[in-house]
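Student: Got a minute? I'd like to go through this structure with you.
Tutor: Sure, pull it up and ask away.
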Amino acid sequence: MLVLKKKPLSNEVFLRHVRDYLPMDASVWDTDEKGKPSSCALTAGMVEHHFYCFDAEAILAVSHAIEELALEEANGFLLATMQEFKNFEPHRERYWQLAATLEDAWVIAKGRRLPRHGQLKFIATDDTTLAPFWTVLYQGHHREAMLVSRQVNGAKIFEQKRFDGFYTFHPSLILRVRRDIEEILRGRASRMREFERLRAIDRAAKRFGAEFAREHKAVEQALRKMQIAGDRYEARDFAVDLERSLKRLKHLTGRLPGLTGAADSRLAA
């Protein structure tokens, strides 16, 4: 029996679909090693597996790009966590279309559960773990995509909400997040372990990136100083400064287990 391999969705194609839904005033921010918004990610260009801070318009644009992919593929499974069922109403027509084309689809939220519509199943949950999450997860026969994000401000009005999260096309990662959600729904888990693991790694990567950039700048400045200072700053002086820079990086390496503590706990679980 011939088994066709899945063709990964390209980041360029996906972002083109996101931009089709993205209003001019929507915002996506890159985040620093503490998870704080730092710079405009739309200007630099977004990449998968990288955590960003999305405003409500941006989170919907990425969600619609994944839903569009599901409609194009017209097969497979889609799962969405929408916090509250009232958030589903603006997207009802699109999900009716999904219900007519997909093999299975779930919408998970708080509130009064809506009746099943074709292949679209509504799952009501009062679980506090899923309450802050906005997720759209699609597993098709040929391509897969997922957005998973958690609200980071206390806004009640959807348009004022901000979310910390990422998107990916990696099948095994998507499967692990789906399993976490299913375990939470069954009452067998109390946290989104994969989300926490990936967030810890993302912040560690950004911490390393910031530290490497600082040390690179320090070494470059020392070399420039040696160019202009003459006998007042010689090669042996530069060697001392270089050694100090390397020690600082080595100290950071020693802290790696702490920086990725959530990742370690996920592996040990």
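Student: What classes do the residues lining the largest cavity divide into?
Tutor: The lining has 5 nonpolar, 3 polar and 1 charged residues. Keep in mind that this is a predicted model.
Student: Which residues line the largest cavity?
Tutor: Thr-81, Gln-83, Ile-108, Ala-109, Lys-110, Thr-125, Leu-130, Ala-131 and Phe-133.
Student: And which elements give two or more residues to that lining?
Tutor: Strand E4, 77-84, and strand E5, 104-110. E5 gives the most, with 3 residues.
Student: How much space lies in the largest cavity?
Tutor: About 40 Å³.
Student: How many cavities of 30 Å³ or more does the structure hold?
Tutor: Just 1 at that cut-off.
Student: OK, switching to helices. At what angle do the axes of H5 and H6 cross?
Tutor: Roughly 130°, and the axes come within 8 Å. H5 covers residues 171-185, and H6 covers residues 193-229.
Student: What do you call H5 relative to H6, then?
Tutor: Oblique, because of that crossing angle. Over 145 would have counted as roughly antiparallel, and 65 to 115 as roughly perpendicular.
Student: Which residues meet there?
Tutor: On the H5 side, Leu-173, Arg-176, Val-177 and Asp-180. They meet Arg-193, Glu-194, Arg-197 and Leu-198 in H6.
Student: How many nonpolar, polar and charged residues does that contact have?
Tutor: The contact of H5 with H6 has 5 charged and 3 nonpolar residues, and no polar ones.
Student: Great, thanks!

Conventions
Residues numbered from 1 in each chain as written. Predicted model: local features only at pLDDT ≥ 70, side-chain atom pairs only at ≥ 80, totals over all residues. Heavy atoms only, no water. Axes fitted to C-alpha atoms, helices over the stretch in contact; angles between N-to-C directions. Helix = DSSP H or I, 4+ residues; strand = E, 2+ residues; numbered from the N terminus. Parallel < 35°, antiparallel > 145°, perpendicular 65-115°, else oblique. Contact = heavy atoms within 4.5 Å. Nonpolar A, V, L, I, M, F, W, Y, C, P; charged D, E, K, R; others polar. 1 Å grid on protein atoms, 1.4 Å probe; cavity = no way out; pocket = protein on both sides within 12 Å on 5 of 7 lines; lining within 4 Å. Points joined across faces, edges and corners; volume = space filled by probe spheres on them.
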